[in-house]
Amino acid sequence: MAFSLCSTKTLLFLLLISAIPIAFIISMELAKPPTHVYHYHSSGFFRESAKWDDLNRRFLVSFMEGGIGEIAVPEDHGSSLEEAVLKEVTVVKDPDLTGNSSLGIVVDRPRNRLLVAISDVLGNNYNALAAYDLSTWDRLFLTKLGGSDNEKSFADDVAVDAEGNAYVTDAKSNKIWKVGADGKFVSFIRNPHFVAKEWYKNLIGLNGIVYHPDGFLIVIHTFSGMLYKIDIAKEDHEVKLIKVAGGSLAFGDGLELLSPTKLVVAGNPSGRLVESSDRWETASVVAKFKGPAHRLATAATVKDGRVYLNHLLGMGYPKRKHALVEAVFSI
């Protein structure tokens, strides 16, 4: 007999199926983590990116509701699995950017600043790059990023080269904005390689990006898992598809270089370690790490030689508890 929408059986059935994922999440939260975790209390549910600021002993995190926070890590904060929960403090909250999200961030150490990709996530109508002084949190510049006429764009992540030029990925229109060290827009980087053949794989395109000390960029296309090498020293910004063996990088999000030959890809699964021995002409997935899947890994950072994955979702109310999870890779 079919269920009536208002019957007791239907209500019980709906309650049962909703209880299954809730029970799973609770069990995941109560489970003892297999690796070290920095937990911190936050004012928001969504934290898109996190980077370690070694000079000031703090994690910097971006707010999807807009803004930047810092999580100070005391010198005596040990490595046991039962550490005190840290506290997030808001350091940037710009009233003129209300309604936009702060997404990918990168620490530009030589210029003592933080670069932040800013986007209107729902409408894809506003995109910008902001720079903030790491000592005073004064905003150094705000550069609006545009596109072609009526082109929807989504500024997602940012990298900075040795000269201070910034490169911001567009996850919607599959291009890269280049902004000079002074905050002035320079150019677009477009290439046919950036567009996946299947239309649905372009729903989330170019995403994580890092600058390699040898003078090129490495960028990932999220839904297809394609990895690119972009030679920014060449006038035409030569783009090559990096041939990756050993596994897929589909649903890769944030990137972080562990060394010149090792790259961490955060996403789904939580983390993948990719290695190259030929200056990123080719590469291989050599190890993986599975963290709390329900929290959604979105970015990676390196603290004292150890990789930590930022997770998008915070749990709990009224205090939201977020997790920066150490990724210990295994074959």
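Analyst: A residue is called buried when its relative accessible area is under 20%, and exposed when that area is over 50%. The model under discussion is predicted, and these terms are applied to its coordinates.

User: What makes strand β8 largely enclosed by the rest of the structure?

Analyst: Strand β8 covers residues 127–133, and seven of its seven residues are buried, so the strand is largely enclosed. Side chains in a regular strand alternate between the two faces of the sheet. In β8, Asn 127, Leu 129, Ala 131 and Asp 133 point one way, while Ala 128, Ala 130 and Tyr 132 point the other way, and all are buried.

User: Which strands are paired with β8, and why do they count as paired?

Analyst: Two strands count as paired because at least two bridges are found between them. Strand β7 (residues 113–119) shares seven antiparallel bridges with β8, and one bridge partnership joins Val 116 to Ala 130. Strand β9 (residues 139–144) shares five antiparallel bridges with β8, with Ala 131 opposite Phe 141. Both counts therefore satisfy the requirement of at least two bridges. β8 and β9 also form a hairpin with five residues between them, and Trp 137 in its turn has a positive phi of about 65°.

User: What makes β10 and β13 edge strands?

Analyst: Four strands form an open, antiparallel sheet in the order β10-β11-β12-β13. β10 (155–160) and β13 (185–189) are its edge strands, each pairing on one side only. The twist from one strand to the next averages 25°. β10 is joined to β11 (residues 166–170) by four antiparallel bridges, and Val 158 has Val 168 as its bridge partner in β11.

User: Why is the contact between Lys 175 and Asp 170 called a salt bridge?

Analyst: The term requires a side-chain nitrogen of Lys or Arg within 4 Å of a carboxyl oxygen of Asp or Glu. For Lys 175 and Asp 170 the closest N and O atoms are 2.5 Å apart, and the pair therefore meets the rule. Both residues are buried. By this rule the protein has 22 salt bridges.

User: Are the two residues of the Lys 303 and Asp 304 salt bridge buried or exposed?

Analyst: The closest N and O atoms of this pair lie 2.9 Å apart. Lys 303 has 6% relative accessibility and therefore counts as buried, whereas Asp 304 has 58% and is exposed.

User: Which parts does the salt bridge between Glu 75 and Arg 57 tie together?

Analyst: The closest N and O atoms of Glu 75 and Arg 57 are 4.0 Å apart. Glu 75 lies in the loop between β4 (68–72) and β5 (86–92), and Arg 57 in the loop between β2 (47–53) and β3 (58–63), so the pair ties together parts 18 residues apart in sequence. Glu 75, at 67% relative accessible area, is exposed; Arg 57, at 22%, is partly exposed.

User: Why is Trp 199 called exposed?

Analyst: Its relative accessibility is 65%, and the cut-off is over 50%, so Trp 199 qualifies as exposed. Trp 199 is found in the loop between β13 and β14 (206–212). Together with Tyr 200, Leu 203 and Ile 204, Trp 199 forms a nonpolar surface patch with about 460 Å² of accessible area.

Key: Residues are numbered from 1 along each chain as its sequence is written. This is a predicted model: local features need pLDDT of at least 70, side-chain atom pairs count only at pLDDT 80 or more; totals for chains, interfaces and linings use all residues. Side-chain values use heavy atoms; hydrogens and water are left out. Axes are lines fitted to C-alpha atoms, for helices over the stretch in contact, and angles run from 0 to 180 degrees between N-to-C directions. Patches are made of residues with over 30% relative accessible area and no salt bridge: like charges are joined within 9 Å, nonpolar side chains (Val, Leu, Ile, Met, Phe, Trp, Tyr) within 5 Å. Accessible areas come from the Shrake-Rupley method with a 1.4 Å probe; for residues, only the protein chains shown count as cover. Buried means under 20% relative accessible area, exposed over 50%, partly exposed in between (1.4 Å probe, protein chains only).
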